[in-house]
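Trainee: I am new to this structure and would like a close look at a single part of it, taken step by step. Could you walk me through one helix and then set it beside other helix packing in the model?

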Amino acid sequence: MTLAIIIALSCLPELLQENQVSVFVPEMLVRGRAVEVMQVDTTHQRATFVVEHVYSGGAELAGQRFTVAATQFSQKVSPIGVLLDARLKNGEVGIWVLDRDGTSRQLRGRIESPADKDSLAYVCWRYRQQPVLPARRVIHSLYQPAGSIPLASYDAVRKWAEAVGRVYAAGQDKGIRLLRELAQNGDLLIEPWAIRLLARNRAEGLGSFLEELAANDKLTVAGQVTADAVLAETNPKGWQKSKTRQKLMQSWVNGKLGDDLDAVQVKARFLEALAKKQLDVYDWLPLLTAWRTNQSWSGGFDWMLQSVGPLNELPPQERDKQQQYVVDFAVQQITQAKNHDLKQFGARWLFSIVLTDAQIATVRSLIKETDNEDLRDTLRAALKSTERQKSISKHE
Amino acid sequence: MFFLALVMVVMPEDGQTPLRRSFVPEILVRAKVTDVTSHGQNWETATLVIDHVFAGTAKLTGTRFRVTAPVVMPFRSGVYGHSLLARFQVGEFGVWVLRRAKADQGLFGGLECHPPVEDCPEYWWRYGGPAPLPARRVISSREGMIATGRFSYDSVLKWAQVVQAISQAARERQPELLKKYSHGGDPLIEPWAIRVLARTDPLAPAFLKELAENAKLTIPGQVTLDSVLCEVIKKDWQDSALRLRLLQGWISGELGDDYSARWISDRLRAALRDRELDIRTWLRLVMGWITNQSMSKSFRFQLLNVSPFEDLRGTKKQNEEQYVFDVLIQLIRKNAGTEVKLAAAQLLFSVSWNDSRLRTVRALLKETLEEEVRTELRAVLNVAEQANADK
C-alpha cells in the first residue's frame with residue numbers, strides 16, 4: 001500500500017479541524033479534458049470530462065468520465081456556490097480533485113466556493129489565500145479582480161500535481177525521503193505542501209528537520225511561514241520562544257523582503273499566529289515595529305497589522321500584564337518614534353484594550369502633548385473605543 | 001567601461017533609435033535612501049547614495065542623487081508611473097536608472113519617462129505593463145492586491161546583475177553573452193537580451209530566427225522576438241512560415257498562465273496597429289485563440305478592443321471591411337461556439353455601415369437562437385442604425 005493512501009485515509013476526516021497540522025492529500029487528483037459541455041441556461045453549465053492522467057487515486061481512473069456543474073460569473077447572478085470567470089469549453093484541460101456523488105457514486109469534479117476558506121483547496125496553501133484547484137488551462141482575466149492576489153498558474157499547479165503523483169507512487173521510506181527533498185525544492189506551492197505532509201505523517205526526526213529548514217535561508221518564504229506554523233503546532237513549547245524562530249521572524253522584518261507575495265504571506269502568518277496565540281505581544285510589537293522601521297510599504301498594507309491578538313482570552317492576571325505592556329510600548333512609540341507611521345501604529349494598538357483609569361489619564365496627557373492632528377484624532381478615538389466597550393460591558 | 005563602448009556602438013549617429021524599444025542603461029545602480037523630505041501633503045524628495053554600480057563608471061559609488069515624487073493618497077488617483085505607492089524611507093534600497101540633467105549634468109533618478117510614457121524604453125522593453133524600473137525593495141501591494149505583471153525587486157536585481165555581467169565582459173564576448181541570456185528562461189532578462197542583441201549584432205537575425213524554433217523560450221521572449229524581427233527584417237519575417245508557426249503556438253490553447261496571455265494580447269494588438277500583422281491574419285489568430293482556449297469575458301473584450309480599419313483608406317479599406325464583415329457573419333451563422341459568436345458580434349462594432357450590411361445583421365438576428373448573442377447583435381444594430389441615420 002502506498003504512503004499516500006495511508007495518509008489520505010488517516011487524515012482526511014481531521015482536515016478541517018482547528019489546530020491540526022492541516023494538509024491537503026487528494027484522494028483522487030487527475031488531469032481531465034472536457035469532452036462535452038452543455039449550457040444549461042445563460043449562467044449554468046454542465047460538463048463531462050475524461051480523465052487523461054491520474055496523479056493520485058487508482059490507475060483505473062484513467063479514461064473514466066466525471067461531471068462538473070458550474071455557475072458562470074455574471075454581475076446579475078449572486079455568487080452562490082461555484083463560479084467560473086471563464087466558461088467551460090470543449091477540449092479544455094484542467095487538474096481536478098474528484099469525489100463521488102453520495103447517491104449515484106458517480107465521479108464529480110470539485111470546485112470549492114471561493115468564499116469557503118475552510119475548503120480543501122485552501123488547506124495546504126492557506127497563506128496563498130487563493131483556491132488553487134481546479135487548475136484550468138484557461139485565461140482567467142486580463143486584470144486580477146480587486147481584493148485578490150494572482151492565481152497560481154495552471155503550469156505551477158501541474159508541477160505540484162506531478163509532485164503529488166511522485167509521492168503517491170513512492171513507498172513509505174522512499175516517500176518520506178522524497179518529501180524531504182520537495183520540502184526545500186524552491187517551489188512556493190510544493191514546499192508548503194511537502195512540509196505539511198511530512199508533519200501530518202509524523203515523520204521520524206521531523207522536529208530537527210523542520211528546524212534545519214527554518215534556518216535554511218534558501219527556503220521560499222512560503223516554505224518558511226509553513227515551517228513556522230507546523231513547528232508552532234507540533235512543538236509549541238520548544239519552538240515558540242526558540243532562538244531559531246526569533247531569527248526566522250527577524251529575517252521577515254529586516255526590510256529585505258523584495259516581493260509583494262512574500263509580504264502578504266508573512267502578514268497572513270503573523271495574524272494567524274497572533275490569533276492562535278502562537279505569538280505574544282512581547283514578541284509581536286517589537287517585530288512589527290522593526291518591520292515598519294526597516295521596510296516601506298503602500299497605504300493599505302498595514303491595515304489589520306494593528307492587531308495585538310485575542311488578549312481578552314488570556315487568564316486575567318496575564319491579560320492585565322500584557323495589556324499594560326501594550327500600553328507602555330504604545331506610549332513609547334508615540335513619544336519617541338521618529339516615524340509618524342509608527343506613532344499611528346502605537347495609537348491604534350490602544351483600540352484593542354479597555355483602558356484602565358490610569359491608562360486613560362496617560363492617553364489624555366498624550367493628546368495634550370502632541371501637535372499632530374491625525375495622531376490626536378486616533379488617540380481620541382481610542383478613548384471613545386474604551387468608553388464604548390465599558391458601556392457595552394455594563395449593559396451585559 | 002566596456003559597456004560604455006557598447007552604448008556608443010549602439011547609439012546611431014543621427015540620434016534615432018533603430019529599434020525603438022531596446023534599452024541599454026548608461027547608468028544603472030543600486031542605491032540606498034539616506035534622507036527624505038516631505039513637501040506639502042503628498043510630495044517627497046529623497047536623497048539616495050549609490051552603493052553599487054551595475055552599468056556606468058565605478059567612480060559613481062558613493063555619489064548622491066535625488067528623486068522627487070508624489071505619494072499615492074487614498075481616494076486620490078495617482079498619475080500612473082509617476083507616483084509612489086509606498087513612501088520613501090531612510091534605509092530603503094532600490095535599483096535605479098540614472099540620467100544627467102541637461103543644464104548642470106547633475107544626476108537624477110527618474111521614476112518615469114515623461115512625456116510620453118510610450119516612448120520610455122524601460123517601459124517598452126517588457127512590452128507594456130508596469131515599468132520594472134525603478135525597482136524599490138518596498139511592499140507595493142495594497143491590502144491583499146498585487147498588481148499583475150509587477151516584477152519583484154529580486155527579479156529586477158537579477159536582471160541588473162546580467163547587465164553588469166555583460167558590461168564587464170570584453171566587447172567581443174558581449175554578443176555571445178547576450179545570446180546566452182536571450183533564452184535563459186527568465187521572463188525579464190530574455191526580452192531585454194533579445195532586443196539589445198538585435199540592436200547591436202548585425203548577425204542577430206539569423207540567430208533569432210533559430211531561436212523562434214526553440215520551444216523552451218518564454219512567452220515574453222517569443223513575443224519580443226516577433227516584435228524585433230518585424231522591425232529588423234520586416235517583410236522577410238512578417239510573411240514567413242516560421243513566424244506563422246510561432247504565432248499559432250500562442251493560440252493553440254496550451255497557454256497555462258494569465259501573465260503570458262497578457263503579453264500575447266498586447267503583442268497582437270500592437271502588431272495590428274503597427275501593420276506588422278495584416279487584418280486577415282490577425283482575425284484568424286484571435287478567432288482561433290477564442291476557439292481553442294476558454295477565457296474570461298474581460299480578457300476577450302480587451303483582446304478585441306481594437307480599431308482595425310482606422311488607418312486604411314479607399315478601396316483597401318472597403319475590401320478589408322467587407323472581408324472581415326463576411327467572416328464575422330459566417331462565424332455567427334455557422335455552428336461556432338458561443339464565445340466565438342460573441343467575439344464576432346463585438347467586432348461588428350468596428351465596421352462602417354450601409355443598408356446592405358444592416359439587412360444582413362437583421363436577418364442574422366432572426367436566425368440566431370442564443371439569447372446572449374442576440375443581445376449583442378441588438379446592441380450592434382442599435383449603434384449601426386444610429387450611425388447610418390447620422391450619415
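**A helix and its surroundings**

Mentor: Among the elements that cover the buried residues of helix 6 of chain B are helix 5 (189-200) and helix 7 (219-232) of chain B. Please keep in mind throughout that this is a predicted model. Helix 6 itself spans residues 204-211 of chain B, and within this stretch B:Ala204, B:Leu208 and B:Leu211 are buried. These three cover an arc of only 50° around the axis, and therefore they sit on the same side of helix 6 of chain B. If you turn the helix to look at the face directed away from that buried side, you will find the exposed residues B:Ala206 and B:Glu210.

From here we can move back along chain B to a pair of helices, bearing in mind that two packed helices are described by the angle between their axes and the distance between the axes. In chain B, helix 3 (residues 153-168) and helix 4 (residues 174-181) have axes that come within 9 Å and cross at roughly 155°. Because angles over 145 degrees count as roughly antiparallel, helix 3 of chain B and helix 4 of chain B are described as roughly antiparallel to each other. Their crossing is right-handed, and the contact is formed by B:Val162, B:Ala165 and B:Ile166 from helix 3 of chain B together with B:Gln174, B:Leu177, B:Leu178 and B:Tyr181 from helix 4 of chain B. Sorted by character, the residues of this contact are six nonpolar, one polar and no charged.

Chain A offers a pair to set beside this one. There, helix 3 (residues 154-169) and helix 4 (residues 172-182) of chain A pack at an angle of about 155°, with their axes 8 Å apart, and that angle makes helix 3 of chain A roughly antiparallel to helix 4 of chain A. The crossing of these two chain A helices is right-handed. On helix 3 of chain A the contact involves A:Ala163, A:Arg166 and A:Val167, which meet A:Gly175, A:Leu178, A:Leu179 and A:Leu182 on helix 4 of chain A; the residues of this contact divide into five nonpolar, one polar and one charged.

For the wider setting of that second pair, chain A has 15 helices and seven strands, and of its 396 residues 44% are buried. Of the contacts in chain A between residues at least 6 apart in sequence, 60% join residues at least 24 apart.

Key
Residues are numbered from 1 along each chain as its sequence is written. Chains are lettered from A and ligands numbered from 1 in the order in which they are written. This is a predicted model: local features need pLDDT of at least 70, side-chain atom pairs count only at pLDDT 80 or more; totals for chains, interfaces and linings use all residues. Axes are lines fitted to C-alpha atoms, for helices over the stretch in contact, and angles run from 0 to 180 degrees between N-to-C directions. Helices (H or I, at least four residues) and strands (E, at least two) are DSSP runs, numbered from the N terminus. Angles under 35 degrees count as roughly parallel, over 145 as roughly antiparallel, 65 to 115 as roughly perpendicular and the rest as oblique. A crossing is left-handed if the near helix is turned anticlockwise from the far one by less than a right angle, and right-handed if clockwise. Two residues are in contact if their C-beta atoms, placed from the backbone, lie within 7 Å. Ala, Val, Leu, Ile, Met, Phe, Trp, Tyr, Cys and Pro count as nonpolar, Asp, Glu, Lys and Arg as charged, and the others, Gly among them, as polar. A residue is buried if 20 or more other C-beta atoms lie within 10 Å of its own, exposed if 12 or fewer, and partly exposed in between; C-beta atoms are placed from the backbone. The arc is that of the directions from the helix axis to the C-beta atoms.
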